[in-house]
Amino acid sequence: MDPVMLCWVFPKQLHWLTRADVFKKPTINKLLRGVNMLPVYRERDKVDDLHGINHKTFQVCNERLAHNAVMCMFPEGTHRGKKQLIPLKKGVARMAINALNDGLDDICIVPVGLDYESYYNYRTTLLVKVGKPIEVGKVVTENTDQARAQNTLLSIIRSALKEVMIDIEHNEAYDQAMGIESLCAKVSGSNKLSEQFDFYHKTIKQINDDDKVQDELKELAPPYLSLKHELRIDEKLFNEKGYPFLNLILLALGLFPSLVAFIFFYPVYQLAEYIVKKVVKDPLFVNSIRLCCWTFVTPLYLLLLGFAFALFTGTIWMFLPSLLVLVSCGIIALYWWPLWKQFLHHRLCNSYASEKNKAYSNWLAVRDDLKKWIVKLNSK
């Protein structure tokens, strides 16, 4: 998902360094190189002359950099489903210094962080945070020894990445720190993703830096999280002010087109889920496969449906109108479904309140304590 999202966000064409094992088949190799992807080999690939074969890739990178291309890579050299920065591989520093030694004296490294609301679920938010460029030449000038320059550059890159991503350093507090993310977004008082990120980023930094703050989190968060799980409450859907009347009107207006969309697009959804269950072994690739299915299967499916409608009505003129109707219903359904989930969640919380549910009352109390703690933490 990450390369796809970055290619969509940035205006310039991006060139990617990609794990070499996916280039093994000739057809795939040709396809990947055709979309500006280059192989980079790791120790686990067990190839002869690892540095030599990667040097050839770096030379291709230098040729492209000389033509003002943007080369992209993931410096951790692996992927995982946690908001944590793991040790960086030396490849990013080697590549940058290699380019500098090759006569490209204006090389910069731009750190980019991707903050997914949920990497495993669809229709959730994503913030792409771009940091300040790092001037490679300046770092090398200040560190004449190449090994020291590499290590210094890696350290600078790591610090820059920590500023554009959420890095929960302590595993023992990881679940609690992740569990308060939605609450922090509300306490921030902003609807802007960037401002919510900055607020949560500041909170996590204080948890990372202060053992006392970490202990307070481990005391306050568990009852909030356990009761939330027991009551099936979603903090993102929880609204203290109640359900807006305007949303009820939108729910009523969007009910019929949403039902039409669910009926006609359900086969595509089921096909994607079937492929995910059968093919995907690594859960981090689930949404990538879903995206591929929806992107390539949906247009073909719509064309078939439009053609079927035209045959059914006996006129080719119904082809385009039927397509437009289905697409419109699908777009309406995408906005209708979250409103429906909020409505059901509101009904659930209302039932707890009317029944004077003790667990719900306790959850509200511990939630209030946690909110006050977050506010106090961020007022420092």
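This is a short talk about one sheet, one helix and two residues in a predicted model.

Okay, hi everyone. Let's start with the sheet. Which order do the strands come in? Going across, you read β2-β1-β3, so to speak: three strands in an open sheet, with parallel pairing. The edges are β2, residues 37-40, and β3, residues 70-72, and each of those pairs on one side only. From one strand to the next, the twist averages 30 degrees.

Now look at β1, residues 14-19. Four bridges link β1 with β2, in the parallel sense. If you want a spot to find on screen, go to W16, which stands opposite M37 in β2.

What lies across these strands? That's helix α3, residues 50-66: it lies across β1, β2 and β3, and runs at about 150 degrees to β2.

Right, on to the two residues. H170 sits in a loop, with α6 (146-163) on one side and α7 (174-179) on the other. Leave out neighbours within four places in sequence, and H170 is in contact with I207, N208 and Q214. Take I207: in sequence, H170 and I207 are 37 residues apart, but C-alpha to C-alpha they are 8.7 Å apart in space.

Then there's Q176, over in helix α7. Is Q176 buried or exposed? Its relative accessible area is 15%, and the cut-off for buried is under 20%, so Q176 counts as buried. And who touches Q176? Again skipping neighbours within four places in sequence, the contacts are L217, K218, A221, P222 and L225.

That's my tour, thanks!

Notes: Residues are numbered from 1 along each chain as its sequence is written. This is a predicted model: local features need pLDDT of at least 70, side-chain atom pairs count only at pLDDT 80 or more; totals for chains, interfaces and linings use all residues. Side-chain values use heavy atoms; hydrogens and water are left out. Two strands pair if DSSP finds at least two bridges between them. Helices (H or I, at least four residues) and strands (E, at least two) are DSSP runs, numbered from the N terminus. Axes are lines fitted to C-alpha atoms, for helices over the stretch in contact, and angles run from 0 to 180 degrees between N-to-C directions. Contact means heavy atoms within 4.5 Å. Buried means under 20% relative accessible area, exposed over 50%, partly exposed in between (1.4 Å probe, protein chains only).
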